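Hello,

Here is the structure for your files. My notes on it follow below.

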Amino acid sequence: MSEHHQEHHILSIKTAGTVLGLLLALTALTVAVSRIDLGFMNVAVALTLATTKSLLVITYFMHMKYESRFFRIIVFICFLILAVFIGMTFFDVAYRHGG
Amino acid sequence: MENTNAVKSFYEDSGSSRTGIMSWLFTTDHKRIGLMYMYVLLAMFVVGVCLGLAIRLELIAPGKTIMEAQTYNAVFTLHGVIMIFIVVIPSIPAAFGNMILPIQLGAEDVSFPRLNLLSWWLYITGTVMALFSLFTGQGAPDTGWTFYVPFSEFTTTNVSVAVIAVFILGFSSILTGINFITTIHRLRAPGITWTKMPLFAWSLYATGWIQVLATPVLGITVLLIFVERVLGVGLFDPNKGGDPILYQHLFWIYSHPAVYIMILPAMGVVSDIIPVFARKNIFGYKTIAVSSLMIAFAGSLVWAHHMFTSGMSDTAVLIFSLLTFVVAIPSAIKVFNWTATLYKGSITLEPPLLYSLGFIFLFSVGGLTGLILGSAGTDIHVHDTYFVVSHFHYVIFGGTGFGLFAAMHYWLPKMYGRMYNKKVAKIAFAVLFVGFNLLYMPLFVIGLQGMPRRYYDYLPQYQTGHMISTFGSWILALGLIIMFVNLYKGYTKGPKIGRNPWGGSTLEWQTMSPPPLLNFDREPDTSRRPYDFKGVTPDE
Amino acid sequence: MSEIHKDYTGAKLGMWLFLFTEVLLFGGLFVLYSTYLYKYPQDFHTGGKQLDVFIGTLNTVVLLLSSFFVALGITYIQRGEKKLAIRYTLLTIIMAFGFLINKSIEWSAKFHHGIYPNSEHLLEMPHGEQIFFGLYFVMTGLHGIHVIIGAVVMGVMVWLMKKDNINKDDFVKLENAGLYWHLVDLIWIFLFPLFYLVL
């Protein structure tokens with residue numbers, strides 16, 4: 001990560017436009033899918049789509065594609081820790097009252 | 001040593017046009033900011049100690065001794081809030097991290113000097129608000145430093161102001177963490193590679209990550225208390241469908257890692273001091289560095305061991321108990337490494353080493369009793385008794401406190417350019433050590449016998465333990481007075497010192513004492529490894 | 001180039017670390033959301049039905065557009081087209097206001113129906129719905145505060161660009177402000193399905 005001053009990558013307007021198009025399409029898809037009753041799968045699908053959208057935002061709009069690997073690792077760690085906090089709380093919540 | 005009068009120290013050269021007190025309050029120099037942190041937190045430490053002495057005095061006999069029950073509740077709450085959030089959490093990182101870290105890295109300052117100043121101002125704002133909460137509203141907060149719901153939502157005392165103060169203090173801590181991580185990544189001098197970085201810097205790096213990733217959870221938790229009190233949303237209120245145990249989860253998701261924010265920097269201090277006074281390379285440099293990171297990570301997975309009796313699920317009790325034992329491993333690795341460093345070293349028992357040895361002993365007692373608490377079966381018996389109180393005082397006061405004292409004896413001569421009376425410092429240590437154990441050891445015993453914590457009154461059978469403990473608190477206070485007076489006298493009137501009074505080999509000992517504004521009056525030699533003492537001689 | 005002593009990577013690293021703190025600040029609330037969704041799935045479903053999907057979707061589109069505009073603003077300042085950069089940053093601020101206006105319409109409709117924290121009507125609802133609306137107000141409220149802060153930051157960026165403090169060679173401030181704005185968008189990307197589309 002201790003690279004020397006490198007050329008800043010400039011996000012092209014075409015790429016930005018494509019990403020925006022994808023984001024809007026995924027939003028439409030999220031709304032459409034929510035109209036179909038899939039039971040608990042609805043939440044899973046909605047979260048998968050939201051995660052895809054946020055990956056697009058992070059990768060292109062937030063320039064993560066053009067950053068060094070170190071940045072990608074720490075972003076991963078941040079979300080990993082959040083997942084751990086939520087997941088481990090479920091060791092309690094999901095098994096309360098003797099299951 | 002050649003005379004370096006030509007270069008001004010950072011006291012004479014403020015780097016700005018401001019003079020007098022303003023050149024301190026609005027400085028962006030990391031050394032001045034570090035010193036300002038230290039002055040404020042030591043002042044608050046004195047306040048906290050006085051509150052602690054008052055608690056001990058009240059408990060010398062059953063029934064009312066010097067204060068009413070409600071006052072007692074407020075006093076132990078304040079003692080906790082001040083000691084945890086205002087003294088111990090910022091102590092070593094904010095004071096000594098700021099003073100020493102950039103010099104150890106061979107940098108001129110931290111990455112974001114203005115952010116550093118903002119962080120100090122937030123710290124002051126939070127401190128003032130915490131004090132403000134005492135004298136306004138309907139009485140001082142009486143919830144304990146944990147602010148447990150539902151009581152904290154409904155008590156009429158001034159909890160709202162206190163939790164906002166904690167939020168602001170947390171923000172200050174976050175900014176310090178961001179600054180240190182960035183500084184360590186970006187401002188290491190050429191030649192100071194990751195594996196040539198002093199272990200104090202490594203410990204601050206691990207601490208910084210905890211500050212960044214865990215503190216925001218505390219932020220939202222205390223904000224939620226505020227929101228509950230003002231709007232009554234009901235997220236933790238069983239009457240509205242809320243679950244109070246989730247508050248405890250959120251609170252400990254931060255507050256357990258916070259224990260590592262407190263202890264890791266102290267471990268870093270000790271790791272830097274021991275090799276210098278054993279004249280020997282540190283044993284297992286890499287394992288100590290990596291175990292800091294392991295503690296930081298594993299420490300984020302054990303929070304619910306504070307909640308074994310809260311009514312959470314048995315599955316969670318089992319898992320969190322197991323993980324608690326895992327986090328003991330990297331801590332033990334460090335203790336073994338320090339001991340192994342001392343083995344066959346040529347030891348000189350100077351005050352900094354003495355305080356470090358005190359740290360190792362007291363921290364070990366605290367750590368091992370922690371295993372009794374972390375084990376789900378035994379915890380049921382000692383939960384919320386004085387056993388817990390004694391355990392965390394051994395860790396936090398015996399650990400971080402003594403680590404802070406060690407740092408004050410080790411690095412402050414560098415910052416003031418003068419030496420204290422070493423003999424008196426050793427006497428102070430002896431008094432402190434005796435007083436400390438006399439104060440807290442009996443609490444283990446009465447805790448095991450069933451004396452609950454935070455109680456105003458108690459059964460006569462516990463009186464002997466309480467009496468010995470209160471007596472110990474006076475000896476401890478005497479030790480603190482001797483130590484502080486000695487340091488004060490030393491740093492104002494003591495004999496001047498050269499660059500390297502202890503014969504240390506890290507970069508801060510290559511510059512003059514006190515250092516100049518931009519830290520180095522001549523290019524530091526970064527070729528030496530941090531604990532390689534070959535050819536390094538003390539320069540008194 | 002070599003005359004600029006600023007540490008771009010350092011500045012960005014600092015900003016990302018700050019973004020992590022924001023993620024975990026909201027993270028505490030996501031811990032609550034997930035556990036309460038697990039506890040009251042049916043009530044969350046009925047609660048979600050009472051929110052206006054149209055306004056929610058509209059606000060999602062508004063924020064996605066604003067993110068796009070910020071990205072364009074940064075592209076233009078890097079290319080040295082200051083006027084366009086300012087124009088797109090201003091558009092971002094307008095989008096922020098649009099979002100807030102929508103939000104206030106939505107909230108006042110809720111208030112009008114007697115749904116606000118601790119209201120009598122809310123207290124009569126099932127526990128799960130009370131929690132749902134409690135989380136709804138706290139999470140979208142905190143997000144709204146971030147939108148306001150973001151808009152103010154963007155305003156400062158416009159001013160700095162006009163003063164030429166931010167320019168073709170020194171634009172890390174705008175980049176960091178952009179990162180903050182994208183994060184605000186990112187959080188909404190999750191809030192939207194969790195509240196408006198929960199089934």
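Contact here means heavy atoms within 4.5 Å. The model is predicted, and every value below is computed from it.

By that cut-off, B:Gln248 touches B:Tyr148, B:Met307 and B:Ser310, leaving aside residues up to four places away in sequence. B:Gln248 is part of helix α9 of chain B. Its relative accessible area is 12%, and buried means under 20%, so B:Gln248 is buried.

Helix α9 of chain B, residues 244-278, also packs against helix α10 of chain B, residues 285-298. The angle between them is about 175° and their axes are 11 Å apart. Angles over 145 degrees count as roughly antiparallel, and α9(B) and α10(B) are therefore roughly antiparallel to each other. On the α9(B) side the contact is made by B:Tyr260, B:Leu264, B:Met267 and B:Ser271; α10(B) contributes B:Ile288, B:Ser292 and B:Ile295. By class, five of the contact residues are nonpolar, two are polar and none is charged.

In chain C, I looked at helix α6, residues 127-162. At 1.5 Å a residue, its 36 residues should span 52 Å. The end C-alpha atoms are 52 Å apart, which agrees with that expectation. Of the 36 residues of α6(C), 26 are buried, so the helix is largely enclosed by the rest of the structure. C:Asp164 follows α6(C) and has a positive phi, near 65°.

Regards

Conventions: Residues are numbered from 1 along each chain as its sequence is written. Chains are lettered from A and ligands numbered from 1 in the order in which they are written. This is a predicted model: local features need pLDDT of at least 70, side-chain atom pairs count only at pLDDT 80 or more; totals for chains, interfaces and linings use all residues. Side-chain values use heavy atoms; hydrogens and water are left out. Axes are lines fitted to C-alpha atoms, for helices over the stretch in contact, and angles run from 0 to 180 degrees between N-to-C directions. Helices (H or I, at least four residues) and strands (E, at least two) are DSSP runs, numbered from the N terminus. Angles under 35 degrees count as roughly parallel, over 145 as roughly antiparallel, 65 to 115 as roughly perpendicular and the rest as oblique. Ala, Val, Leu, Ile, Met, Phe, Trp, Tyr, Cys and Pro count as nonpolar, Asp, Glu, Lys and Arg as charged, and the others, Gly among them, as polar. Buried means under 20% relative accessible area, exposed over 50%, partly exposed in between (1.4 Å probe, protein chains only). The expected span of a helix is 1.5 Å times one less than its number of residues.
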